[in-house]
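User: Hi! I'm new to this one and could use a quick tour. Can you walk me through it?
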Amino acid sequence: MTQQETRALQIAATKIRLGVIEGVYHAKSGHPGGALSSSDILAYLYFQEMRIDPQNPEWEDRDRFVLSKGHAAPGLYAALANRGYFPVEELGTLRHIGSRLQGHPDMKGIPGVDMSTGSLGQGVSAACGMAKAAKLMGKDYRVYALLGDGEIQEGQVWEAAMFAGHQKLDNLCLIVDNNGLQIDGNIEDICSPYPIDEKFAAFGFATINIDAHDYGQIADALAQARQTKDGPTAIIAKSTKGKGVSFMEGQASWHGTAPNEEQYRQAMGELQKLLEAYEGGR
Amino acid sequence: MAEMKKKATRESYGEALAELSGTCERLVVLDADLAAATKTGVFKKACPGRFIDCGIAEQNMMGVAAGLAASGMIPFASSFAMFAAGRAFEQVRNSIGYPHLNVKIGATHAGISVGEDGATHQCDEDIALMRTIPGMTVINPADDAEARAAVRAAAGYAGPVYLRFGRLAVPCFNDPASYRFEWGKGIVLRDGQDVTLIATGLMVWRAVEAAELLKEEGVSARVVNIHTIKPLDRELVLRCAAETGALVTAEEHSVIGGLGEAVCSAVCEGCPAPVLRVGVEDVFGCSGPAVDLLEHFGLTAQNLAAKARAAIALKKH
């Protein structure tokens, strides 16, 4: 990956993070922690990886993305807005009455949202259905689904994993945002899903462990997934919850809490400074 | 009455799907290890390339169906009513209902006529559950011709549909040559002035039999077949309330939340008249032969006739 490409991704990811804070602050509710931990992956998928056309969100041959951890919606919305699906200014309407930016993704209302999600464990099954549809219709699009590491405590995830492995859905790539924290605390203390890679491998997945904030590793993993035949891929992406905002990093308490005005100013200040540094270095 | 041919509507379901396989190229059928019982095995034989056995995982099956529909396919997801509507309720609500995806749920073995398997498999709550999902169409065919027609109509309709079929063979009283399925429209099977029997599913023919019993006593009973419980043919129900002044509903489902309550709501709001409900009372089912169970739980022509007399007595003169 060229330095220029890396810089463009850093800028995109920082804009996504700014959008997350903007949305959650104005909504006075929402989930910043898991949206920030997955912002780099969202940036890579929407600005580098996926075959998509923001002018034609319903394009039949587009790659699909399912945000199975639907509470990271502010991150998805910020990625879509910055990619040109709808105005960035709309991000501040998150969770307001009359806004199409629902608390969790609504495919009927928001251009670019491929599946309505929010109730954990369900998106991954829909992603399997989309991948199976491509096989049935002879299409070459790929399907990506982002899961939370807490989310995989849901039994439906493993029903879907068994299905994906059995159906040899090599056009399906799951990415687990492994930030290590869920609402009640550390995932290892609540009900440990580890070892995550071995569990997916047991269901027939090729598994890759990466750093969720390293674009080179994300690029390599997704390239490897594309080349994998006869089975799905699971990328376990070790991330930092709240990544990019100093006081949110590594704190379970920021799973579903909105910043107050002072915290909002600090978070926006930190991210703006980061953005200026990236843009200055371009 | 001459002996009529009998057939379970689940058989009609499987056969109708197989017939559609030739003309509907986006049709795909899913099952959860019950293809022999739900009769989707008939489709599998006709069109193995578009049959997906998801294994014993109904929640995933509903989500897979949602993903297939979101990608332009027309999936029919099949299981027993207990698992399709019950176990996978939240998946149906959130992954299919909320995004209003074009998924058809083919739920067989509904009601107590499942028989010997007993209460764990006898779903008397599915109509109630499915009715509460915004935008969900709920269809409960009464016989073979109606079930086939309903499957064809559902395949041609854009949106989620819950189709309810039975395990027990029931009389084929509709003539397949002349039968016409109209989405959301009830069918007046016989006219009458004193009371209306509004029935769905396997209770429709029992309502016709009840009307015969009532006729012998000089009571003129109208019989209405409601195959589409949601959206309800409110206009027809209110007309019956106005013209006959008393109604009895009949369904192989709990008296809570099903056709009976749907009719009660419509009548209460639009044309108040006494409505008595025949269905499974607020109890769980039990093991036994299907026909004996229907009698045990009062789902009989005799009980319908008795309720009809009681409803007539409640009329304000």
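User: How far apart do the C-alpha centres of domain 1 and domain 2 of chain B lie?
Analyst: They lie 25 Å apart. Keep in mind that this is a predicted model.

User: And how many residues does each domain give to the contact?
Analyst: Domain 1 of chain B puts in 27 residues, and domain 2 of chain B puts in 29 residues.

User: Which elements on the domain 1 side give two or more residues?
Analyst: On the side of domain 1 of chain B that touches domain 2 of chain B, those are the helices α7 (126-131) and α8 (144-155), plus the strands β6 (137-139) and β8 (170-171), of chain B. By class, the residues on that side are 13 nonpolar, eight polar and six charged.

User: Where do the two domains run in the sequence?
Analyst: The domain assignment of chain B places domain 1 at 6-171 and domain 2 at 187-314.

User: What does UniProt list for chain B?
Analyst: An unreviewed UniProt entry lists "domain: Transketolase-like pyrimidine-binding" for residues 7-172 of chain B. Over residues 7-172, chain B is 42% helix and 18% strand, with the end C-alpha atoms 7 Å apart.

User: Switching topic: how many residues does the contact take from chain A and from chain B?
Analyst: There are 23 residues from chain A and 25 residues from chain B.

User: Which element gives the most on the chain A side?
Analyst: That's α5(A), with nine residues of the side of chain A that touches chain B. In chain A, α5 (123-137) and α6 (155-166) each supply at least two residues there.

User: What's the mix by class on that side?
Analyst: The side of chain A that touches chain B has eleven nonpolar, seven polar and five charged residues.

Note on methods: Residues numbered from 1 in each chain as written. Chains lettered and ligands numbered in written order. Predicted model: local features only at pLDDT ≥ 70, side-chain atom pairs only at ≥ 80, totals over all residues. UniProt positions renumbered as here; feature names shortened; annotations may be inferred. Helix = DSSP H or I, 4+ residues; strand = E, 2+ residues; numbered from the N terminus. Domains from an automatic or database assignment. Contact = placed C-beta atoms within 7 Å. Nonpolar A, V, L, I, M, F, W, Y, C, P; charged D, E, K, R; others polar.
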